[in-house]
Amino acid sequence: MPIHNRIADFHADMTAWRHDLHQHPELALEEHRTSAVIQAKLKEFGVDEVVAGIARTGVVGVIRGSQPGGAIGLRADIDALPIIEQTNLPYASTNPGVMHACGHDGHTTMLLGAAKYLAETQNFAGTVYVIFQPAEEQHGGGEMMVKEGLFDRFPMDLVFGMHNWPKDAEGTFLWRVGPTMAAVANITIVVTGKGAHGAQPHNGVDPIVVSGAIVSALQSIVARNVDPTETAVVTIGEIKGGNAFNVIPPDVTMRGTARWFNPTIGDLLERAVIRIAQATAEAYGATADVTFARTYPAVINDEAATSMARTAAEAVVGAARVVPMEQPTMGGEDFSFLLNAKQGNYIMLGAGRTTTDPQVHHPLYDFNDDILPVGASYWATLAEQLLPRVQP
Ligand SMILES: [Zn+2]
Ligand SMILES: [Zn+2]
């Protein structure tokens, strides 16, 4: 079974919705217009209930099928990124410095398309919750929704998420059981030494030299502390200190990121980053103030939910185009907060037209409108095909 014919019928409408969202991108927790558009559309579609204001700008639509049954949640993220768009598209961002560069405009549209179809046909058992989540890129809107009672207010058996994936061919699905996307922490290290004249280093404690030693030493964590069969990354991405060629500054600030899958590795990274930064600074007569702020946990896909997701994807694009993700990705994703609270699956939908398509978070990226009916049909199929089998 390919794309739902009824969904293909309103492909042009979905494309128009997507372009409108693309033109009006909003940053995390500021998605007020986006939220209003979603609410208006859900009401227009005749969705049974529309609940707004969860995690500030989040929206949940409740759609009841024609027969009794279980309940599932389908989640799309709705926020944009602080990126200056360079696409020159006719529907390019009109909000300077903000851009839908991760395709959340497309995610929102695909879920709206599924909501329209499901509200119209009601050809399923039980309840579908369409979850429009704010603040995926920053501030953890997924965690906020869970904390504000998403799963208590809308009791469901399973929750599903999806991301477009320009690296792989359009219309393919990539699935994975277990660890799929990495856990993330932001590292900040402030090295405090003692400022001095650049020609009189003996009168100061040079935090730039200390920082160099810390950066090098941090690379020994993955090489020497982490079990080689485990996965971990420690990257320092920013070093700021000093503003003259002949002055030793009093301090240096470094920022970086750590990624892992196994929670015990996360604990190890935290302890090691703090220990190495502080002890190295001390060895040089300086001090280091370290914060290791965990943002998103790892995305761990449930086996049963993943097999349901695969079945639905195969129904839409055929078994040959539903393939395992060979490796997890070290990118982070706050759907993990939903998956920590409820079993479910997060699947990738191939979006690449060519092998050189700009990837997500690139100023030339644009969501591929050709996959709108594919994603919407996948959501609809999950509801139609799988809901009767979900056991509470
Ligand atoms: Zn993103
Ligand atoms: Zn994204």
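User: Buried means under 20% relative accessible area, and exposed means over 50%. On that scale, is Trp379 buried or exposed?
Analyst: This is a predicted model, so everything here is about computed coordinates. Trp379 has a relative accessible area of 2%. The cut-off for buried is under 20%, so Trp379 counts as buried.

User: Trp379 pairs with the ring of Tyr378, so what kind of pair is that?
Analyst: Two rings are described by how far apart their centres are and by the angle of their planes. For Tyr378 and Trp379, the centres are 5.4 Å apart and the planes are at 40°. Planes under 30 degrees apart would be stacked and over 60 edge-to-face, so this pair is tilted.

User: How many aromatic pairs turn up in the whole structure?
Analyst: Tyr378 and Trp379 make a pair, and there's also a cluster in which ring pairs link Phe10, Trp17 and Phe45. Searching the whole structure gives a total of eight.

User: Phe335 and Tyr346 form another pair, so how far apart in sequence are the parts it ties together?
Analyst: This pair is tilted, at 5.3 Å centre to centre with 35° between the planes. Phe335 is buried at 0% relative accessible area, and Tyr346 is buried too, at 1%. Phe335 belongs to helix α10 (residues 335–341) and Tyr346 to strand β16 (residues 344–352), so the pair ties together parts whose separation in sequence is eleven residues.

User: Which residue has its charged end over the ring of Phe10?
Analyst: Phe10 is linked with Trp17 and Phe45 in a cluster of ring pairs. A charged end also sits over the Phe10 ring, 5.2 Å from its centre, and it belongs to Lys116.

User: What distance should helix α9 span?
Analyst: Helix α9 runs over residues 303–317, which makes 15 residues. The expected span is 1.5 Å times one less than the number of residues. The end C-alpha atoms agree with the expected value, which is 21 Å.

User: What happens at the start of α9, and which residue follows the helix?
Analyst: At the start, a side-chain oxygen of Asp302 comes to within 3.3 Å of the backbone nitrogen of Ala304. Further along, the buried residues of α9 include Ala305, Met308 and Val316, and among the elements covering the buried residues are β5, β14 and α11. After the helix comes a residue with a positive phi, near 90°, and that's Gly318.

User: Which residues coordinate the zinc ion (ligand 2)?
Analyst: The donors follow the spacing C-x1-H-x58-H along the chain. They sit at 2.0 to 2.3 Å, with Cys102 giving its SG and two histidines giving NE2. So the full set is Cys102, His104 and His163.

User: What other ion does Cys102 coordinate?
Analyst: There are two zinc ions here, 3.1 Å apart. Cys102 coordinates both, so besides ligand 2 the answer is the zinc ion (ligand 1).

User: How far apart in sequence are the parts that His104 and His163 tie together?
Analyst: Both count as buried, with His104 at 0% relative accessibility and His163 at 5%. His104 lies in helix α4 (residues 104–121) and His163 in strand β5, so the gap in sequence is 59 residues.

User: Thr109 is also in helix α4, so which backbone oxygen does its side chain reach?
Analyst: Thr109 counts as buried at 0% relative accessibility. Setting aside neighbours within four places in sequence, Thr109 is in contact with Met14, Trp17, Arg18, Leu21 and Leu372. Its side chain reaches a backbone oxygen at 2.8 Å, that of Asp105.

Notes. Residues are numbered from 1 along each chain as its sequence is written. Chains are lettered from A and ligands numbered from 1 in the order in which they are written. This is a predicted model: local features need pLDDT of at least 70, side-chain atom pairs count only at pLDDT 80 or more; totals for chains, interfaces and linings use all residues. Side-chain values use heavy atoms; hydrogens and water are left out. Rings of Phe, Tyr and Trp (its six-membered ring) pair if their centres lie within 6.5 Å; planes under 30 degrees apart count as stacked, over 60 as edge-to-face and the rest as tilted. Helices (H or I, at least four residues) and strands (E, at least two) are DSSP runs, numbered from the N terminus. Buried means under 20% relative accessible area, exposed over 50%, partly exposed in between (1.4 Å probe, protein chains only). A charge sits over a ring if NZ of Lys or CZ of Arg is within 6 Å of the ring centre and within 35 degrees of the ring normal. Contact means heavy atoms within 4.5 Å. A polar contact is a pair of N or O atoms within 3.5 Å; within protein, one must be able to donate a hydrogen and the other to accept it, and residues adjacent in sequence count only if both atoms are side-chain atoms. Donors are N, O and S atoms within 2.8 Å of the metal (3.2 Å for Na, K and Ca); water is not among the atoms, so sites may look incomplete.
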